[in-house]
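Biologist: Could you walk me through reading a model like a chemist would? I'd like the general idea each time, then the case at hand.

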Amino acid sequence: MTSPKLDLDAIHAQLDGSDATAIVRWASEQFADGLVMTSSFGVQAAVMLHLVTRVVPDIPVIFIDTGYHFPETYQFCQDLTDRLKLNLKVYQSPLSAAWMEVKHGKLWEKGETDEEKAKNLELYDQMRKVEPQRRALRELGAVACMAGNRRGQTEHRAALRHVEIVDGIYQVYPILMWEKPDVHRYLKANDLPYHPLFFKNYASIGDWHSTDPVVAGEHERAGRYKGLKQECGLHLPTTPEEEGSRDASGL
């Protein structure tokens with residue numbers, strides 16, 4: 001499915017100040033069957049899943065199974081799928097976790113310097129996350145993808161607008177302007193569950209080998225990747241051409 005050419009500046013002006021549900025409704029009307037969403041089934045996952053499926057009940061929900069999620073994440077995913085009747089689409093790397101370790105070793109443990117460690121984590125993320133997600137978007141005919149990114153999470157996300165474009169796919173962020181208290185209020189108001197590890201001081205949850213609990217006062221993503229990086233690559237351009245296009249357009 002070919003992505004329509006949209007004026008992102010005009011869209012930004014149109015959606016600026018809109019509430020999250022209005023942005024979901026706009027995306028549904030704009031992209032119709034070409035709209036999907038992703039979820040990592042992390043701490044705030046229930047917010048986006050509930051918010052979006054109230055407007056688009058059958059939207060495909062892409063979950064990238066790296067093979068290294070916490071057991072609690074898999075259970076949380078199943079519980080929310082049953083509760084919200086999600087149209088779940090699970091994608092994995094064609095290289096199993098065991099075979100990857102045979103070929104490349106435990107990449108999250110490899111490297112003598114921070115630069116080497118970060119490079120190995122990038123390779124890991126490309127194999128286990130980025131490739132499956134790009135394949136999912138292609139096979140599902142996605143024109144646009146909704147995600148629960150918030151500006152306060154990382155430096156990269158602080159510069160985002162409600163609608164961006166990454167690797168030719170429109171990215172829509174309905175709760176971009178929300179702060180942590182907004183997330184917690186929505187969960188409470190709608191009687192939605194937190195990820196079980198939230199109660200063990202995990203503020204942002206990824207794979208078990210690259211996620212640690214945080215202490216009071218730390219940033220919510222301080223427990224990810226041992227401080228080596230903030231993003232796993234799923235929300236970043238993956239080609240030099242897209243990166244150049246992003247810089248040129250001011251996205």
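Modeller: We'll go through the core, a buried threonine, the salt bridges and some backbone angles. Keep in mind that this is a predicted model.

Biologist: Let's start inside. Which residues have the most contacts inside the largest nonpolar core?

Modeller: The idea is to look for buried nonpolar residues joined through side-chain atoms within 4.5 Å. Here the largest such core has 40 residues, and F31, F41, L49 and M146 have the most contacts inside it. Helix α3, residues 45–53, supplies the largest share of this core, with 7 residues.

Biologist: And what does L49 touch, if I skip residues up to four places away in sequence?

Modeller: With those left out, L49 touches M37, S39, F41, V61, L80, L84 and L86. F41 is also on the list of residues with the most contacts inside the core.

Biologist: Now a polar residue. Is T21 buried or exposed?

Modeller: You read that from relative accessible area, where under 20% means buried. T21 has 18%, so it is buried. T21 belongs to helix α2, which covers residues 20–31.

Biologist: What does the side chain of T21 make a polar contact with?

Modeller: With the side chain of R54, at 3.3 Å. Setting aside neighbours within four places in sequence, T21 is in contact with L51, R54 and V55.

Biologist: On to charges. How many salt bridges does a search of the whole structure find?

Modeller: The general idea is that side chains of opposite charge can pair when their charged atoms come close. A search of the whole structure turns up 5 salt bridges. Take R161 and D9: their closest N and O atoms are 3.0 Å apart. This pair links distant parts of the chain, 152 residues apart, with R161 in the loop between α7 (155–158) and β5 (163–166) and D9 in helix α1 (residues 8–15).

Biologist: Why does R161 count as buried?

Modeller: Because its relative accessibility is 13%, and the cut-off for buried is under 20%.

Biologist: What about salt bridges inside a helix? How far apart are E131 and R135 in helix α6?

Modeller: They are 4 residues apart in helix α6 (residues 114–139), so about one helical turn separates them. Their side chains meet in a salt bridge at 2.9 Å, N to O. E131 is partly exposed at 30% relative accessible area, whereas R135 is buried at 16%.

Biologist: And which helix holds R185 and D182?

Modeller: Helix α8, residues 180–189; the two are 3 residues apart, which means about one helical turn lies between them. In the salt bridge between their side chains, the N to O distance is 2.5 Å. R185 counts as exposed at 51% relative accessibility, while D182 is partly exposed at 25%. Elsewhere, D125, K129 and D207 are joined into one network by salt bridges that share partners.

Biologist: Last, the backbone. Which loop is A32 found in, and what is its phi near?

Modeller: Here you look for positive phi in residues that aren't glycine. A32 fits, with phi near 50°, and it is found in the loop between α2 and β1 (35–38). A32 counts as partly exposed at 49% relative accessibility.

Biologist: And where does N201 lie?

Modeller: In the loop between α8 and α9 (240–249). N201 isn't a glycine either, yet its phi is positive, at about 75°.

Technical notes: Residues numbered from 1 in each chain as written. Predicted model: local features only at pLDDT ≥ 70, side-chain atom pairs only at ≥ 80, totals over all residues. Heavy atoms only, no water. Buried < 20%, exposed > 50% of the residue type's maximum accessible area, 1.4 Å probe, protein only. Contact = heavy atoms within 4.5 Å. Polar contact = N/O pair within 3.5 Å; in protein donor to acceptor, adjacent residues only side chain to side chain. Salt bridge = Lys/Arg side-chain N within 4 Å of Asp/Glu carboxyl O.
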